[in-house]
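Here's a chain to walk through together, one piece at a time. Have the viewer open and follow along.

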Amino acid sequence: METSGAAAGEVGWYVLGPNQETVGPYALSELREHYANGYLNEGTMLWAEGRTEWMPLSSIPELFAGVTTKDQPQQAAPDVEDDFEKFQKEVIQAEAEVEAIKSSAEDGDADQALDERPATPPDGEEEFTDDDGTIYKWDRSLKAWVPQNDASGKNEGYAVEEMTFANEEEVFQTPDIPGPATLEGVSAPAGNGNKESDKAEKRGEKKRKSSEKPAEKKEPNKPPDSWFDLKVNTHVYVNGLPDDVTVEEIVEVFSKCGIIKEDPETKKPRVKIYTDKETGRKKGDALVTYLKEPSVALAVQLLDGTSFRPGGKTLMSVSPAKFEQKGDVFIAKKTDKQKKKKTKKVEDKMLGWGGHDDKKVTIPTTVILRHMFTPAELRADEELLPELEADVREECMKFGPVDNVKICENHPQGVILVKFKDRKDGAKCIEKMNGRWFAGRQIHASEDDGSVNHTLIRDYDAEVSRLDRFGEELEEST
């Protein structure tokens, strides 16, 4: 199978398009990418040189297996030796050295080492007293210090009773409390000693009390019911919204009742519009997250039973959000301390004394500029792409702060995406740039609704024409 897959990868494959046009040739890696992006499926007709007829992808086993399998990079064998193997070698080497020393000691090296000891004490003194009160004397025969109570140098060992402890209760000696007459004659060091004994007694009592009390076990988090309320609920559930509602409109309406919470990573308001998973259409309900809990009651009081847009016939239903447990097993949410600290910092800044009444709410937006270039121009001149990006950024910064400029170099309409920090600045850009002429082409500017990923769109017409020219060159060469 691997040999057939490799052979299939070396052949140039042609694809039959929806209009019965021939597109290709493609290598195996390109077919794998098109299959992953959804441009090819099992029923797509393919042909290669040496084949008599067009066949669907599923009918070509060696090609279908190569297209559907993902590339798995081979991990190179580590050149560095494992640390554990190094440790084992070092241990074996050390054991060998110890055995060599023991064998040499048995052959007479021990006597030689004894002869190398000094015959007289190092400091010239025959006797000295250690810090613990033990008296040592210099033994000239052993050429070593020997304690006075064991002059023979032999250890007779200890009895079993001396090496074991009896099971006795821990008893703390109570300090003697002197009378008033005695206290007058006690010096300051004696007073310090009594204080230390009192502290020792208190510590002993605490130990006994702690051992008597049984350890209290913490109860684990009990799973909630199917529907449950949060302890601090800052979420609002909204129903009765228009089908074409946007996040910006919801932020504008519900900001009247309080500050809407922002995501610390994306800097976008925490507003979730629910959509149908099958059709992708908006269901007319959403979840709005406020920064503080009192905003929830205010939103219910002011916005429940009102229309979302002036003159609208459908009335909104605003209520505190309730959450449902997903699955049969309750999993406690893990808190990220670093993310929590970052969120707290953002909230403190929003609620600080810097003033929030006169501060405008900034909502980011992306503007689409079409007909700014052609893919053929970018392929012909490599320096055109950075120059075009710099020119567009410089021109758009006249309308307001710009976060990012993205050139979709394979888009047939020559699309450039410009992301503004504020939606109002994006509206100014659309007003000035729409209908404007650039490099002999009229620009079309509009706001991106996020439904299409423009970076994945390719210029298929140019590829078809290029393949046609390639086919003609092949025919002329034959």
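What follows is a tour of a helix pair, a hairpin, a sheet with its helices, and the cysteines. Keep in mind throughout that this is a predicted model.

Let's begin with helix 2 (residues 28–37) and helix 3 (residues 61–68). Their axes lie 8 Å apart and make an angle of about 65°, and the crossing of helix 2 past helix 3 is right-handed. If you want to see who does the touching, pick out L28, L31, R32 and Y35 on helix 2; they meet L63, F64, G66, V67 and T68 on helix 3. Sorted by type, the residues of this contact come out as six nonpolar, two polar and one charged.

Next, a hairpin. Strand 6 (residues 135–139) and strand 7 (residues 144–147) run antiparallel and are joined by four bridges. Within that pairing, K137 of strand 6 sits opposite V146 in strand 7. Four residues lie between the two strands, and K143 in this hairpin has a positive phi near 55°.

Now move along to the four-stranded sheet. This sheet is open, pairs its strands in antiparallel fashion, and reads 15-16-14-19 in order. Why do strand 15 (402–407) and strand 19 (444–447) each have a side without a neighbour in the sheet? Both stand at the edges and have a single partner strand each, so one side of each is left free of a sheet neighbour. From one strand to the next, the twist averages 20°.

Inside the sheet, strand 14 (residues 365–370) and strand 16 (residues 416–420) are antiparallel and share five bridges. One place to look is T365, whose bridge partner in strand 16 is F420.

Two helices pack on this sheet. Helix 12 (residues 384–396) touches strand 14, strand 15 and strand 16, and its direction makes about 145° with that of strand 15. Helix 13 (residues 423–433) touches strand 14, strand 16 and strand 19, with its direction at about 15° to that of strand 14.

Finally, the cysteines. How many disulfides does a search of the whole structure find? The count is zero. Take C429: the nearest cysteine sulfur belongs to C396 and is 4.1 Å away, while a disulfide would need the two sulfur atoms within 2.5 Å. C429 is also buried, with a relative accessible area of 0%. C257 is another buried cysteine, this one with a relative accessible area of 4%.

Notes: Residues numbered from 1 in each chain as written. Predicted model: local features only at pLDDT ≥ 70, side-chain atom pairs only at ≥ 80, totals over all residues. Heavy atoms only, no water. Axes fitted to C-alpha atoms, helices over the stretch in contact; angles between N-to-C directions. Left-handed = near helix turned anticlockwise from the far one by under 90°. Contact = heavy atoms within 4.5 Å. Nonpolar A, V, L, I, M, F, W, Y, C, P; charged D, E, K, R; others polar. Pairing = 2+ DSSP bridges. Buried < 20%, exposed > 50% of the residue type's maximum accessible area, 1.4 Å probe, protein only.
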